[in-house]
Amino acid sequence: MAQATNGTEPPPTEEELSAARLRLAVEGPVARVTISRPDRRNAMTGRTWTTLARIGRTLPDDVRVVVIDGDGDIFSAGIDLGMFSPEGVDGERSMVAGLADGTSGEAEVEDYIAGLQEGFLWLRRPDLVTVAAVRGHAIGAGFQLALSCDIRILADDAQLCMKEPALGLVPDLTGTKPLVDIVGVNRAVEICLTARRVGAEEARDLGLAELVVAADELPGAVDDAVAALLATNREAATATKALLQQAAGNTLGQQAEAERRAQTARLTALARSTARGEG
Ligand code: ACO
């Protein structure tokens, strides 16, 4: 899983962010990443995701909460469909480069996709809480980006759609696991293989949205959630997210052991801080 670097890699410049169709605003413990390409319904390219990965690697250590949203009244129309044409988008590597004539090998393509997936994987880092604020459509890669976040706050006009199978593709941007974890295999099969749109109310009922609010209330609801998330102890929040992330893969006994280990570390840290007069 992607981790923050030790400050050796520079964060993306404004020019690089703009070429990736992203905006980034970091204020103290909160980073806001906005997908910004209104004339193409915030469609994204490979560069969007490699730059997202770089944002993750170079975030200041102070950042605890990352909010991802889309410019205007849409989260994202997913991948720029031009990425499937041989010429790609704005000179960027096409998703199908070298596949028709066999000049790209399978391993090369898988490496390329692995680089794109890094843009989504870091959002699970236990030291961060990630929030997707979704207005309008979140299609394909847009839906998978929202699924990569810990918390999804949806406007009542939100529509989630796993369009990939309708285009002859599979969802490959790390969205299938959270989807199945949340809704179960059967509902995930139904949602993906029909490529239908899941509205906000249904998303809430399925557990795909933690909160649904009126569209004009979305910014306020996100601010409230961010404030609540920042009110807890950071180290405890990090340890708790790590515990929760391993719960599904653990037996009850393994999870109880993990809880004991994590709590002993917390109690030790708290006791030492009290002894130093910091409590
Ligand atoms: N890639 C490239 N251009 C796009 C995309 C996209 N994914 N989505 C929208 N656009 C462009 C349109 O071509 C159009 O361009 P134009 O003004 O030059 O004609 C412009 O954005 C506006 O799009 P409209 O379709 O007119 O907007 P509308 O609000 O009616 O519909 C919607 C929005 C529902 C998002 C629709 O555009 C759509 O279905 N887009 C395609 C979604 C898609 O298939 N994404 C890929 C999923 S698979 C994956 O992400 C891996």
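## An exposed valine and its patch

V185 is exposed in this predicted model, since its relative accessible area is 51% and the cut-off for calling a residue exposed is over 50%. V185 belongs to helix 5, which spans residues 176–194.

On the surface, V185 is joined by V180, V189 and L193 in a nonpolar patch. Together these four residues offer about 340 Å² of accessible area.

## A helix on the inside

Helix 4 makes a good next stop. Residues 141–148 make up this helix, and eight of the eight are buried, so helix 4 is largely enclosed by the rest of the structure. The buried residues of helix 4 include A141, F143, L145 and L147, and Q144 and S148 are also among them.

A141 links this helix to the next topic, being one of the closest residues to the ligand.

## Around the ligand

The ligand is surrounded by 17 residues, and R40, A77, I79, A141 and K163 are the closest. By type, the shell divides into seven nonpolar, seven charged and three polar residues.

Which residues place polar atoms by the ligand's oxygen atoms? I79 does so with a backbone N or O atom, 2.8 Å from an oxygen atom of the ligand. K163 uses its side chain, where a polar atom lies 2.9 Å from a ligand oxygen. As for nitrogen, a polar backbone atom of L81 is 3.0 Å from a nitrogen atom of the ligand. The ligand taken alone would expose 940 Å², and the protein buries 64% of that area.

## Charges in the loop before helix 3

The loop between strand 3 (65–70) and helix 3 (106–121) holds E92. Is E92 buried or exposed? With 9% relative accessibility, E92 counts as buried. The side chain of E92 reaches the backbone nitrogen of R47 at a distance of 2.6 Å.

D90 also has its place in the loop between strand 3 and helix 3. The side chain of D90 meets that of R21 in a salt bridge, with N to O at 2.5 Å. R21 sits in the loop between helix 1 and strand 1 (22–27), so this pair ties together parts that are 69 residues apart in sequence. The two partners have opposite surroundings: D90 counts as exposed at 59% relative accessibility, whereas R21 is buried at 7%.

## More salt bridges

The whole structure contains 19 salt bridges. One of them joins the side chains of R54 and E16, at 3.3 Å from N to O. R54 lies in helix 2 (residues 46–58) and E16 in helix 1 (residues 14–19), so the bridge connects parts that are 38 residues apart in sequence. E16 is partly exposed, with a relative accessible area of 33%.

R261 and E257 give us a pair within one helix, and their side chains meet in a salt bridge at 3.4 Å, N to O. Why are R261 and E257 separated by about one helical turn? They are four residues apart in helix 9 (residues 252–275), which accounts for that separation. R261 counts as exposed at 53% relative accessibility, while E257 counts as partly exposed at 38%. Elsewhere, salt bridges that share partners join E9, E16, R54 and R57 into one network.

Note on methods. Residues numbered from 1 in each chain as written. Predicted model: local features only at pLDDT ≥ 70, side-chain atom pairs only at ≥ 80, totals over all residues. Heavy atoms only, no water. Near = heavy atom within 4 Å. Polar contact = N/O pair within 3.5 Å; in protein donor to acceptor, adjacent residues only side chain to side chain. Areas by Shrake-Rupley, 256 points an atom, 1.4 Å probe, with all protein chains shown as cover. Nonpolar A, V, L, I, M, F, W, Y, C, P; charged D, E, K, R; others polar. Patch = residues over 30% accessible without salt bridge, like charges linked within 9 Å, V, L, I, M, F, W, Y side chains within 5 Å. Helix = DSSP H or I, 4+ residues; strand = E, 2+ residues; numbered from the N terminus. Buried < 20%, exposed > 50% of the residue type's maximum accessible area, 1.4 Å probe, protein only.
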